[in-house]
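Grab a pencil and work through these exercises with the model open beside you. Each task comes with a solution that goes step by step.

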Amino acid sequence: MSDNVPFEIQEEIIKHLPVKSLIRFRSVSKSWKSLIDSSDFITHYSSQQQHLLVYIRRYGSEAKYVSIVDDNTFPEQRVSVTLPPLVKMLESYRKIGSSHGLLCLYNDGKLVIWNPSIRKAVAVVVPNVVDAKMFNTKLGFGVCRETSEPKVVKIRSIKRFADLEIVTSIPWQVEVFTLSTGEWRSLNSNLPRNSIVFSSRIEAGGVCVDGVFYWLATDRSTVDETRAYNMIISFDMTSEEFGEVNLPDSFVYHGPMWDLYIYNLRESLVLVECSGEVDDPVYNVWMMVDGVPKSFTKLYTIHASDATIFCVHEFRNSGELVMEVDDEWDGLSLVVYEPNVRQTRNLGMSLWTNDVDKIYVHSCMETLLLLDQPSSTVFDKGKRYIESFKRSTKNKRLLKDTRKMKSLNIPHLQNLL
């Protein structure tokens with residue numbers, strides 16, 4: 001860009017460029033690199049570009065990711081995604097949540113926070129993960145609305161209704177991890193009632209909406225032993241406070257929530273109910289209005305007459321629903337349901353049922369978050385190190401706690417940081 005253009009105007013132009021261009025333009029000049037790499041620019045950069053990440057794991061072969069641009073060209077613009085080593089290391093995983101363009105994945109005591117836009121990831125070792133007979137561990141992930149700070153909340157809670165009466169200590173133990181400090185800290189106030197139990201289904205998981213994480217839960221103390229009060233528990237990543245969201249009346253005493261799911265649609269909380277017969281399910285979609293608890297409105301009902309809906313995966317930014325359907329001729333297929341015309345559209349990813357182990361679909365926006373983090377950083381017990389996938393264990397120990405090493409001013413380490 002011409003030197004005759006004031007840098008302030010250059011900056012305004014740069015703010016509106018897509019992430020791929022920003023990463024490339026960091027090599028144009030020192031001033032541009034300094035601007036793009038600055039914490040202020042990273043924090044406040046905002047892109048409207050959305051992508052759908054499709055993860056397919058086949059039996060006996062490596063998993064692959066495909067990124068589809070979620071705009072008016074959908075689903076024509078699609079590319080294979082190169083995975084950072086920390087994501088590859090997970091092999092199998094479950095998604096904890098996505099927020100502000102970051103995905104949080106978990107497997108076997110380790111979280112990976114991944115920015116697909118810049119191909120960078122960091123890992124967090126989760127301490128004291130409990131999966132015993134009486135207790136379990138729930139995780140939530142989100143980005144603070146005010147600071148764009150990635151956070152993880154870890155909750156140890158009662159696992160079964162039958163255990164409530166025999167627990168003598170406080171069952172809820174809450175810890176929060178903040179990326180900037182690299183440490184976990186305990187929360188001891190404003191904790192939910194001991195009688196609240198999370199949904200035990202892994203696929204129920206949770207969802208982050210505008211910096212607030214939500215889980216399906218049940219309060220056993222409000223009714224008799226044959227019925228339970230269904231609800232949604234929330235955790236605000238900014239205020240670090242818990243809250244409660246009341247479900248529509250028809251779901252409050254719905255019984256076990258095996259057929260309820262929650263999603264994020266354009267930063268609004270969406271509830272999806274599966275009804276009908278097992279081999280002919282019907283899905284009802286509800287949205288919380290203006291963030292008001294219990295103010296849910298029904299958007300539409302989905303019934304695929306020519307195929308069986310296997311599961312609901314994700315929402316496009318347009319509101320269309322991405323589903324996995326089972327057709328006797330084509331096997332498993334990813335389709336998009338268009339509510340305005342009540343039709344499905346195939347994404348061209350037909351897969352035979354016996355060939356596919358797992359399919360995930362994640363919606364995410366472009367972001368620069370994690371750009372200022374060294375690649376393959378691992379946070380563990382208040383320290384951090386660079387995970388080396390080619391070096392010896394000795395060198396891995398040498399890189400431990402990069403915060404302290406930065407102050408030592410050792411040249412070859414400075415290049416890594």
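**Exercise 1. Decide whether R26 is buried, partly exposed or exposed, and then find its salt-bridge partner.**

Solution. Keep in mind that you're looking at a predicted model.
- Step 1: Buried means under 20% relative accessible area, and exposed means over 50%.
- Step 2: R26 has a relative accessibility of 23%, so it counts as partly exposed.
- Step 3: Now look for the partner. R26 forms a salt bridge with D37, and their closest N and O atoms are 2.7 Å apart.
- Step 4: Place both ends on the chain. D37 is in helix α3 (residues 30-37), while R26 sits in the loop between α2 (19-25) and α3, so to speak 11 residues away.
- Step 5: Check D37 as well. Its relative accessibility is 23%, so D37 is partly exposed.

**Exercise 2. Which parts of the chain does the salt bridge between K95 and E314 link, and is each residue buried or partly exposed?**

Solution.
- Step 1: Start with the general idea: side chains of opposite charge can pair when their charged atoms come close.
- Step 2: Apply a cut-off. A salt bridge needs a side-chain nitrogen of Lys or Arg within 4 Å of a carboxyl oxygen of Asp or Glu. For K95 and E314 the N to O distance is 3.7 Å, and the two side chains do meet in a salt bridge.
- Step 3: Find the elements. K95 belongs to strand β4 (residues 94-99) and E314 to strand β21 (residues 308-315), with their positions 219 residues apart in the count, so this pair links distant parts of the chain.
- Step 4: Compare with the accessibility limits. K95 is partly exposed because its value is 26%, and E314 is buried because its value is 7%.

**Exercise 3. Work out what the salt bridge between D219 and R193 ties together.**

Solution.
- Step 1: Get the distance: the closest N and O atoms of D219 and R193 are 2.5 Å apart.
- Step 2: Locate them. D219 lies in strand β14 (residues 212-219) and R193 in the loop between β11 (183-187) and β12 (196-198), so the bridge ties together parts 26 residues apart in sequence.
- Step 3: Check the surroundings. D219 is buried, at 1% relative accessibility, whereas R193 is partly exposed, at 38%.
- Step 4: Zoom out. The whole structure has 14 salt bridges, and a network of them links D70, R316, E320, E338 and R345.
- Step 5: Follow R316 from that network. R316 also lies over the face of F74, 3.9 Å from the ring centre.

**Exercise 4. Trace how β17, β18 and β19 pair up.**

Solution.
- Step 1: Begin with β17 (residues 260-265) and β18 (residues 268-277), which pair in the antiparallel sense over six bridges.
- Step 2: Look at the turn. These two strands form a hairpin with two residues between them, and R266 in the turn has a positive phi of about 50°.
- Step 3: Move on to β19 (residues 280-288), which pairs with β18, again antiparallel, over eight bridges.
- Step 4: Read across the strands: I262 stands opposite L271 in β18, and L271 stands opposite W286 in β19.

**Exercise 5. How are the rings of F251 and W286 arranged?**

Solution.
- Step 1: A search of the whole structure gives 17 aromatic pairs.
- Step 2: F251 and W286 make one such pair, at 5.6 Å centre to centre with 80° between the planes. Planes over 60 degrees apart count as edge-to-face, and that's the label for this pair.
- Step 3: F251 lies in helix α6 (residues 249-252) and W286 in strand β19, so the pair ties together parts 35 residues apart in sequence.
- Step 4: Both F251 and W286 are buried.

**Exercise 6. Describe the setting of S67.**

Solution.
- Step 1: S67 is in strand β2 (residues 64-69).
- Step 2: Its relative accessible area is 10%, so S67 is buried.
- Step 3: The side chains of S67 and H51 share a polar contact of 3.2 Å.
- Step 4: Beyond its sequence neighbours within four places, S67 touches several residues, including L52, Q77 and V81.

Notes
Residues are numbered from 1 along each chain as its sequence is written. This is a predicted model: local features need pLDDT of at least 70, side-chain atom pairs count only at pLDDT 80 or more; totals for chains, interfaces and linings use all residues. Side-chain values use heavy atoms; hydrogens and water are left out. Helices (H or I, at least four residues) and strands (E, at least two) are DSSP runs, numbered from the N terminus. Buried means under 20% relative accessible area, exposed over 50%, partly exposed in between (1.4 Å probe, protein chains only). A polar contact is a pair of N or O atoms within 3.5 Å; within protein, one must be able to donate a hydrogen and the other to accept it, and residues adjacent in sequence count only if both atoms are side-chain atoms. Contact means heavy atoms within 4.5 Å. Two strands pair if DSSP finds at least two bridges between them. Rings of Phe, Tyr and Trp (its six-membered ring) pair if their centres lie within 6.5 Å; planes under 30 degrees apart count as stacked, over 60 as edge-to-face and the rest as tilted. A charge sits over a ring if NZ of Lys or CZ of Arg is within 6 Å of the ring centre and within 35 degrees of the ring normal.
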